[in-house]
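Student: I have a structure open on my screen and I'd like some help reading it. Could we go through it feature by feature?
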Amino acid sequence: MPKFAVKEWAEIISGPISMREQDQQVFEHADLPAVKDKLSVTLRLKIHNHSAEDLFRTPSLWLTKDKSGLHARFSGNWHNDAGIYEPDNGLLLNKWYHIAYTLSDPEKRLDIYIDGEWFEFYSILKVKEQKVIFNDGPLYVGRSFNWKGFNGEISNFRYFNWRLSAEEVMEDFFNESQKKPIVYGSKIALVHVSTRKYLSTKGIKYDLGPNNEQYMVICSGQEINLENDVWAVIGASGKNINEGDLISLNNIIGFKHQATGCYLHSHDTSYERVTPISQQQQVTLCSDRGSDDDWLVRRYNSTTSYDTGHLMSGDIIGLFHISTNKQALYSHSVLLGDRSQEVSCYGDGSEKNNRWRIELIN
């Protein structure tokens, strides 16, 4: 009897490639990850022209005529055409979208995400009687049978043999952007994955005693502020590096705040040096360079705890503070008085709130 304990996925189109209505790509069932009772598909899509032809379903994702609305369908033992009908709004022309389709018989639901955000869902009501029927035929991208395909571009088409969680969809959305290397001297921004807010400062200071005032680090808006949210990647304290060199993962680095010239810093919690609400380890900007400004950088992936290789724009990373036993950089939806988001060092990196996306700033 086959077993399906191993999570597998395949990127069957990397692209981007252009598609016309008559174009078709066919992937044989045997060449796809083996599916038992769950699957997910993610892709990047840009539509050049809305179709003028009405569409019918296979167990797949269609675009409706005239406005390219997502028409997500599947087959069940009670009906061969179940799923989500056309939503109110279609896709805009000449704009890239990240789309995720997740389907699970045990959870009895189909979910659609656009650009990492939950968009629509369909639930099976008679959970004891009704079951999803998974296709054992080829997978068609573009033209299917007698139905035309689409005019546009597609890339990063990925097929998974499990139902992606909302967090995994968000990570796939973050990771789909073009990868460019982060090097020493790069100007970057750090985005908190769970809340999509940028690591920042507003000039508020922790009072740590005479001659030791440090700026509070926060997460601010979901749109980048080029004055407060930009950092330069530097080497570990006391280490000579060459600007422009690639940064190896699992290496110790630092971050210099562009506007203030201060360094991303943390310290222990002695003398009640804790964050104002959660009472966790403070993260600050400090003008003096030292070992308290050193961070271990690791990249998450879907198969092992941490990755190897070089740091790239779009990577989902954890930052671990060296001098306090590798406490991980952390934020959450706890808001301060000015509606900014508290940032601390907390945990071992295993929580979703320890995850950050690094973005290269041109």
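Tutor: Sure. Let's begin with a term: a polar contact is a pair of N or O atoms within 3.5 Å, and within protein one must be able to donate a hydrogen and the other to accept it. Keep in mind that this is a predicted model.

Student: Okay, which residue's side chain is joined to Glu171 by a polar contact?

Tutor: Arg355; the two side chains are joined at 2.5 Å. Glu171 sits in helix 1, residues 166-175. Leaving out residues up to four places away in sequence, Glu171 touches Ile316 as well as Arg355.

Student: And is Glu171 buried or exposed?

Tutor: The cut-off for buried is under 20% relative accessible area. Glu171 has 12%, so it counts as buried.

Student: Where is Asn251, and what does it touch?

Tutor: Asn251 is in strand 18, which covers residues 251-257. Its side chain makes a polar contact of 3.2 Å with the side chain of Tyr184. Beyond neighbours within four places in sequence, its contacts are Tyr184, Lys239, Trp295, Leu296 and Val297.

Student: Let's zoom out. How many helices and strands does the protein chain have?

Tutor: One helix and 25 strands. The C-alpha atoms fill a box of roughly 75 × 45 × 40 Å along the principal axes. Of the 362 residues, 49% are buried. As for contacts between residues at least 6 apart in sequence, 67% join residues at least 24 apart.

Student: What about surface and charge?

Tutor: The accessible surface comes to about 17,600 Å², and carbon and sulfur atoms account for 47% of that. On the charge side, there are 39 positive and 47 negative side chains, with the centres of the two sets 3 Å apart.

Student: How should I read a pair of aromatic rings?

Tutor: Use the distance of the centres and the angle of the planes. Searching the whole structure turns up six aromatic pairs. Take Phe74 and Trp78: their ring centres are 6.1 Å apart and their planes are at 65°, so this pair is edge-to-face. The cut-off that matters there is over 60 degrees.

Student: How accessible are Phe74 and Trp78?

Tutor: Phe74 is buried, at 2% relative accessible area. Trp78 is partly exposed, at 29%. Elsewhere, Trp9, Phe160 and Trp162 form one aromatic cluster.

Student: Now backbone angles. What sign does phi usually have?

Tutor: Most residues other than glycine have a negative phi. Asp115 goes the other way, with a positive phi near 50°. Asp115 lies in the loop between strand 9 (109-114) and strand 10 (117-123).

Student: Where is Arg196, and what is its phi?

Tutor: Arg196 is in the loop between strand 14 (187-192) and strand 15 (199-207). Its phi is positive, about 65°, although Arg196 is not a glycine.

Student: One last residue: which strand holds Val26, and which residues is it in contact with?

Tutor: Val26 is in strand 3, residues 24-27. Apart from neighbours within four places in sequence, it is in contact with Pro138, Leu139 and Tyr140. At 37% relative accessibility, Val26 counts as partly exposed. For a sense of distance, the C-alpha atoms of Val26 and His265 are separated by 52 Å, and these residues are 239 apart along the chain.

Note on methods. Residues numbered from 1 in each chain as written. Predicted model: local features only at pLDDT ≥ 70, side-chain atom pairs only at ≥ 80, totals over all residues. Heavy atoms only, no water. Helix = DSSP H or I, 4+ residues; strand = E, 2+ residues; numbered from the N terminus. Buried < 20%, exposed > 50% of the residue type's maximum accessible area, 1.4 Å probe, protein only. Contact = heavy atoms within 4.5 Å. Areas by Shrake-Rupley, 256 points an atom, 1.4 Å probe, with all protein chains shown as cover. Lys, Arg positive; Asp, Glu negative; His and termini not counted. Charge placed at Lys NZ, Arg CZ, Asp CG, Glu CD. Phe/Tyr/Trp six-rings, centres within 6.5 Å; stacked < 30°, edge-to-face > 60°.
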